Amino acid sequence: MESFVHLRKGRTPRRLHADLDGLKDDELGRGGFTGRTASIYRRHDPTAYRAAGPLRPLDVLSSELKPGDATDPAGAPLLLFSNADCRVSLSRRSAEMPFYTRHVDGDLLSFVHRGTGRLETEFGPLAYREGDWVYIPKACTWRQIPDSETTLLMIEATDEFRVPPPGPLGRHFPFDPSQATIPEPQLIETGDGPHHNGEYEVRLVHSAIDGVGTTSLYYQHNPIDVEGWQGDNFAFTFNIADYNVVTSDSVHLPPTVHMFMQATGVYVMNFLPKPAEGVPGTERTPWYHRNVDYDEIAFFHGGSLYGIPMPPGLISHAPQGVHHGAPEKARERARRKFDEYDRVDWQVIAIDTRRRLVPSPEVLANDLTTAAAATSERSRHQ
């Protein structure tokens with residue numbers, strides 16, 4: 001049970017996540033950093049293990065994956081991970097959609113990693129650029145028209161995405177909703193848009209026994225025939241450059257302060273450039289943890305960490321209950337360079353899910369950790 005009494009046993013540092021004196025800081029916590037917590041101080045790096053079986057961390061470069069829409073205008077995004085609450089997919093589209101689409105299982109939230117263009121939606125046209133979050137309500141009809149090759153990380157919930165409830169800082173932190181871009185209605189006449197033999201295809205995207213299925217509806221008129229709208233359910237974009245990062249000088253804050261949107265069982269966060277913690281002895285690197293109740297996906301958009309470039313487009317998956325975090329070598333470097341760097345320049349999109357995620361066959365086939373482990377195993381036996 002939760003209590004105001006927090007016990008301290010054995011050798012522990014005086015400050016939380018600071019002054020470790022050679023110990024390894026490992027957090028065992030419930031509720032994704034907001035529930036009951038034990039900070040465990042170890043002698044050895046808890047991520048120094050060899051995994052065998054399905055519950056193991058995965059790393060994959062998105063540039064090595066081949067979504068169907070990358071080469072075929074009529075193709076679909078590539079499913080990366082899924083569970084009962086969400087599907088996470090990758091799109092890399094260069095040509096405009098020759099059809100309209102409608103996600104009928106839940107809201108769609110997409111992050112623009114690369115590219116520019118616009119979406120035609122029932123609420124009006126929405127321009128997008130690198131760093132945008134694009135929100136499309138459940139069952140809204142839309143299509144994508146890229147100006148340049150566009151890489152999207154797509155998160156489809158089986159529920160609605162919502163802005164997290166305001167915390168003690170108020171409604172405008174960590175972001176001000178008035179910075180969102182809302183479309184103006186723009187009627188598209190029949191005869192415009194993609195049509196074949198006088199029919200307009202709206203492709204419904206939905207769950208299926210084998211993952212993702214589609215059903216096509218054919219209209220005799222353009223389905224984007226909206227002259228006006230009102231209400232509080234609409235498409236929008238929000239750029240991460242407008243996100244207000246919450247910081248602390250004396251402790252590295254948990255991921256929950258970086259929340260952007262949430263749905264049932266799905267939480268989306270932005271880890272963005274910020275001042276580095278400045279009090280000497282403070283651990284600037286996220287502590288080791290095994291996020292007991294959530295799977296974690298990290299999508300590396302760009303930036304660097306204390307002078308080390310972050311691989312753009314890397315997708316990392318850590319199953320709940322399995323230790324993960326920066327290796328001890330990276331932590332030691334951050335301590336050595338404490339006076340040299342006063343900022344963290346990372347740009348990472350994070351997705352936490354309450355249910356375990358199932359990696360797709362394409363993700364498993366391109367897993368970098370499996371390839372590295374196989375190479376190490378061969379070397380060990382030579």
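**Strands, cores and enclosed spaces in a predicted model**

Strand S17 (residues 266-271) and strand S25 (residues 347-353) pair in the antiparallel sense, and 6 bridges join them. The model described here is predicted. Within this pairing, Val 266 stands opposite Thr 353 in S25. Strand S17 also pairs with strand S16 (residues 259-263). That pairing is antiparallel too, over 4 bridges. Here Val 266 of S17 is the bridge partner of Ala 263. S16 and S17 form a hairpin, with 2 residues between the strands. In the turn, Gly 265 has a positive phi of about 80°. Of the 6 residues of S17, 5 are buried, so the strand is largely enclosed by the rest of the structure.

An open sheet was also found. It contains 7 strands, with antiparallel pairing. Their order is S15-S10-S7-S12-S5-S4-S26. The edges are formed by strand S15 (236-239) and strand S26 (358-359). Each of these edge strands pairs on one side only. Inside the order, strand S7 (residues 108-114) pairs with strand S10 (residues 132-136). The two strands run in the antiparallel sense and share 4 bridges. Leu 109 stands opposite Tyr 135 in S10.

The nonpolar interior was examined next. In soluble globular proteins, nonpolar side chains tend to be buried together. The largest nonpolar core of this model holds 36 residues. Leu 80, Phe 81, Trp 133 and Phe 161 touch the most other members. The contacts of Trp 133 were listed without residues up to four places away in sequence. On that basis, Trp 133 touches Leu 109, Ser 110 and Phe 111. Further contacts of Trp 133 include Phe 236, Thr 237, Phe 238 and Ile 240. Ile 155, Phe 260, Val 268, Asn 270 and Ile 349 are also touched by Trp 133. Apart from the largest nonpolar core lies another core, of 15 residues. Leu 108, Phe 123, Val 134 and Ile 136 are among its members.

Empty space was then considered. Rolling a probe the size of a water molecule over the atoms shows where such space is left. A search of the whole structure finds 4 cavities of 30 Å³ or more. The largest cavity has a volume of about 70 Å³. Its lining consists of Leu 108, Ser 110, Leu 119, Tyr 128, Val 134, Ile 136, Trp 142, Leu 152 and Met 154. S7, S10 and strand S12 (150-157) are the elements that give two or more residues to this lining. By class, the lining of the largest cavity has 8 nonpolar residues, 1 polar residue and no charged residues.

The second largest cavity has a volume of about 60 Å³. Val 246, Thr 247, Ser 248, His 252, Leu 253, His 258, Lys 274, Pro 275, Glu 277 and Trp 346 line this cavity. The lining of the second largest cavity divides into 4 nonpolar, 4 polar and 2 charged residues.

Among the pockets, the second largest was examined. About 810 Å³ of space lies in this pocket. The second largest pocket is lined by 27 residues. His 6, Leu 7, Thr 37, Ala 38 and Ser 39 lie nearest its centre. Strand S2 (residues 37-42) gives the largest share of the lining, 4 residues. The lining residues of the second largest pocket comprise 11 nonpolar, 9 polar and 7 charged.

Some backbone features complete the description. The peptide bond from Phe 173 to Pro 174 is cis, with omega near 10°. Pro 174 is found in the loop between S12 and strand S13 (200-208). Asn 197 has its place in the loop between S12 and S13. Asn 197 is not a glycine, although its phi is positive, at about 55°. With 82% relative accessibility, over the 50% cut-off, Asn 197 counts as exposed. His 17 is not a glycine either, and has a positive phi of about 55°. His 17 lies in the segment before strand S1 (24-29). Because its relative accessibility is 3%, His 17 counts as buried; the cut-off is under 20%.

Definitions and conventions. Residues are numbered from 1 along each chain as its sequence is written. Side-chain values use heavy atoms; hydrogens and water are left out. On a 1 Å grid over the protein atoms alone, a cavity is a set of points where a 1.4 Å probe fits but cannot get out, and a pocket is an open set with protein on both sides within 12 Å along at least five of seven lines; lining residues have an atom within 4 Å of a point. Grid points are joined across faces, edges and corners, and a volume is the space filled by probe spheres set on the points. Ala, Val, Leu, Ile, Met, Phe, Trp, Tyr, Cys and Pro count as nonpolar, Asp, Glu, Lys and Arg as charged, and the others, Gly among them, as polar. A nonpolar core is a set of buried Ala, Val, Leu, Ile, Met, Phe, Trp, Tyr and Cys residues joined through side-chain atoms within 4.5 Å. Buried means under 20% relative accessible area, exposed over 50%, partly exposed in between (1.4 Å probe, protein chains only). Contact means heavy atoms within 4.5 Å. Two strands pair if DSSP finds at least two bridges between them.
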